[in-house]
Each structure stands twice: as C-alpha cells, then as structure tokens.
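Open the model in your viewer and keep the selection panel at hand. Each stop below says what to select and what is there.

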Amino acid sequence: MTASKNPETLVLHGGHRHDATTGSVAVPIYQTTSYQFRDTDHAENLFALRELGNIYTRIMNPTTDVLEQRVTALEGGAAGLAVASGQSATTFCILNLCKAGDNFVTSTDLYGGTWNLFANTLKDMGIEARFVDPSDPENFRRATDDRTRCYYAETLPNPKLNVFPIKEVADIGREIGVPLIVDNTSAPVICRPLDHGAAVVMYSTTKFIGGHGTSIGGLVVDGGNFDWEAQGDRFPTLNQPDPSYHGAVWTEAVKPLGPIAYILRMRVILLRDVGAAMSPFNAFQFIQGMETLPLRMRAHCDNAVQVAKFLSGHPKVTNVIHPSRQDGEPRRRADAYLSGGYGSLVGFELEGGKEAGRKFIDALELFYHVANIGDARSLAIHPATTTHSQLDPEEQAATGVSDGYVRLSVGIEHVDDIIADLSQALDKA
Ligand code: PLP
C-alpha cells in the first residue's frame, strides 16, 4: 500500500502491491463464492466479527476489496463498500440510517433514477424524502426535524450542472447532528467531498471510475469523520442493539476496528440481506478503469471546456450549461469545490425545442446516443424524451430539463473531431 496522497499514484497502487499467494501484479479475479475456514474457531470468529475476513462473496471478496480500498484511498475515507450498481449504493446509503417513519432532506438536483427512488420507492417503504432547492443551503436546516437521518446531494448534478454547496450544507448538518451523503459520480478526482465536510461519498462506478462503458457498479465510502454516538437517538440503526445480528450495537462493535460503524452495518446487514453484490469480474473492470482515471478526467475536462466554448458561439444554441460558462454564486461554488477541471458534462438548449433536439441526436455520427455518462467515448442524450421522461412536467422543470435540452458527456477523442461532429449535427437540427 502506497503512502502517497496523489491520485495518479493511488489509483495504481492503492490496496494492492502483488497477490500474496502467486505474486501476481495485476489484481487477480477471485471468482469464488466461498472461502475455506481454517477451523471452527476461525469460522466462529469471522461470523462474530471478532476477526475480519472472507466468508462469502455476497458480503466480501478479495478482488472487490482492492477496489474498495482504492476508492477509499482516493477519497481520503475510512472504509468502502462496493455494490451492484449506483442505484443500490444510493438505496443502501439511505436504508442504512432510515426506517419507516423517518425522513431525509435531499437536493432537488438529482439524477432521474435517484429522484424516482426517493419520490416513489422509498416513499412506499414509509421513508420521506424532503426535496429542497440547494441554491439556499439554509433550506436543508429548515426541512430538518427530529426524524431527519441524513442529507443527500450530488456534487455536480446534471442537467443543471450547478455545483452543490458541500461545505455550507455539511456545516449545517454537523451543527444539528445530521450527516451529508454526496453522490460524486460525475466528479471523481476533481472533487473530494469528505475534505469539505461530507460524511459519506457514493459513486455509480458505472461512469467515470469504470470509464469504458463495460460494467454496472456502485461504491460507498464512509468518511469515518461523523460522530454517530453524539446523537444516539437520531441514529437508532447504529446505536441500538441490532436484533438481526445477535444484539450488536454497531457503534460499539467497531471500537477495535476504527470509525466504520456506518459502512460495516451496510455490509453485514444490508448487503447480507438484500444481496446487491458487485461481481468480482466487474470489480476487476473498475480496477482497470481506475488506473487511468486521473488522466481521463483531465482529458474529459479539457475537451468539455472547448466544447462549451464552441456551443456558446453557435447561432442555434440558446443556452450552454457548463461550470466554465457560469458566473456569480454558481461559479464561486464550482471554483470552491472542483479542482483541475469542471467535469465532462455539458448541457445546451436548442432554439428549436424538442423537435430540434431529436434531429440533432439523430444526426450525430461520432457521439453515441446512450443513457450513460462517463464513458471514454463521447455520448449524448435528449433527457426530456429519455432519462427524465418518467418524471411529470413539474418534476422535469425542477430538475432543470427543458424540451430543447441536450446533455453531452464529452469524451476523450481529439477535440477537433468532437466539435466537427457537433457542428455537422447542429447544421441538421
Ligand atoms: N448517480 C448518478 C449521478 C448517475 O448518473 C447514475 C446513473 O446514471 C446513478 C447514480 C445510478 O447509477 P447506476 O446506473 O450505476 O445504477
């Protein structure tokens, strides 16, 4: 394990030097369901959490463990947990703290799938998501009560691409005793939310961390920086005896292990029971992707700035959405929380509305028309007819999607080719 704090080094060396048995330098894919116990004492100690070790791949795996350690090192956190998708990561982040009757306060600026999860599926489970406008951080305080278990937000949410006021909201939460959970999917390397006071960071690793559009996955990093015991009543899942693990109190149980109550409970309760495990093969793919993450982010960010500039000068484009084109408070937040670039996502609005949006997308030749972001290749989508089509018009407006809005995830191809494709497609829009 490297002592470096530099992302370029951590993504290559974090969590793995070579395989202890074979010397393999590449992280081996441990494609196994289970692990031979040394003897019955060993098995008993593992199940009782007196010793940490491999039991069953639904709850841990040595390949996945390297990915967890690597992302944790990159974020400066205490421990991580990989899961089957970004959606399962978000679900676990909330279910780890909330039971029926509880609530959490969330930014309105969310990925459409997260919005649906919060507004419908969690609601059906008796958990209330209180949606607030993040342009005023105090909205989070106003929506908080005794049953509020956490705050939730995305660092660089598309489509609005207004960077979330991480420190402002984290500070309010720390004053009241409420942790901030940040979805950093679109800003790995360029933002470390834990440095700004967030308690938990989550990713859809499907995007930039994987970077090659091959695998679905999610990851949660526990910052280890939140005092769950200080307000025991607010966090019963971590402070009260857990009947499903012979009465364990997670904040007590982790004392010999470090400040990892949140993530340990997520692993041994939620992952154990719900079973949304990442496959070892996907973990391997994400480890491969991570090796070039800082390089790719730099190229994505540089290209996106140039694309935003090109679009701003185009007569058919009425509005370009990218932090590099913002001013005022949104720009201040972008500069405060992002370093090394403004991300690869660029939004723009076409003068001709929905019809022009369709024509533009259909005319693209280099860009792929897909429901994804963060691939090395350039991607485009028309959210009003796809990712955000399950939201009603009011919800679409609240998340910042208009009829003529097009979202680009600018790839790492040569920028001249990216701009040439946009230019010819705009001619046909
Ligand atoms: N969070 C953000 C910001 C996303 O963009 C996505 C997917 O688009 C998700 C979470 C969900 O991730 P997954 O598709 O891996 O379930």
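**Between the two domains**

Between domain 1 and domain 2, 15 residue pairs are in polar contact, with both residues at pLDDT 80 or more. The model is a predicted one. To set up the view, colour residues 7-288 as domain 1 and residues 293-428 as domain 2, following the domain assignment of the chain.

Now select the side of domain 1 that touches domain 2. Helix 1 (7-13), helix 5 (112-124) and helix 7 (166-176) each supply at least two of its residues. Colour that side by class: 21 residues are nonpolar, 14 are polar and six are charged.

Show both domains together. Their centres, taken over C-alpha atoms, are 29 Å apart. The contact involves 41 residues of domain 1 and 45 residues of domain 2. About 3300 Å² is buried between the domains, and carbon and sulfur atoms give 62% of that area. Which residues of domain 1 lose the most area to domain 2? Select P159, I190 and F208: these three together make up 23% of what the domain 1 side buries.

Next, look for charged pairs across this interface. The rule finds two salt bridges between domain 1 and domain 2. Then pick R298 and E8. They form a salt bridge, and their closest N and O atoms are 2.8 Å apart.

**A cis peptide bond**

Go back to P159, one of the residues that lose the most area to domain 2. Find P159 in the loop between strand 4 (148-154) and helix 7. Is the peptide bond from N158 to P159 cis or trans? It is cis, with omega near 10°.

**A salt bridge between helices**

Widen the selection to the whole structure, which holds 22 salt bridges. Side chains of opposite charge can pair when their charged atoms come close. For one such pair, select R267 and E68, whose closest N and O atoms are 2.9 Å apart. This salt bridge links distant parts of the chain. R267 is in helix 10 (residues 261-274), and E68 is in helix 3 (residues 62-75). The two residues are 199 residues apart.

**Aromatic rings**

Show the rings next. The count comes to twelve aromatic pairs. Zoom to F37 and F47. Why is this pair edge-to-face? The ring centres of F37 and F47 are 6.1 Å apart and the planes are at 70°, so the pair counts as edge-to-face, planes over 60 degrees apart being the cut-off. F37 is in the loop between helix 1 and helix 2 (40-47), while F47 is in helix 2, ten residues apart.

**Last stop: a backbone angle**

Move on to L49, in the loop between helix 2 and helix 3. Check its backbone: phi of L49 is near 60°, a positive value in a residue other than glycine.

Definitions and conventions. Residues numbered from 1 in each chain as written. Heavy atoms only, no water. Domains from an automatic or database assignment. Contact = heavy atoms within 4.5 Å. Buried area = accessible area lost by both parts, 1.4 Å probe. Salt bridge = Lys/Arg side-chain N within 4 Å of Asp/Glu carboxyl O. Polar contact = N/O pair within 3.5 Å; in protein donor to acceptor, adjacent residues only side chain to side chain. Helix = DSSP H or I, 4+ residues; strand = E, 2+ residues; numbered from the N terminus. Nonpolar A, V, L, I, M, F, W, Y, C, P; charged D, E, K, R; others polar. Phe/Tyr/Trp six-rings, centres within 6.5 Å; stacked < 30°, edge-to-face > 60°.
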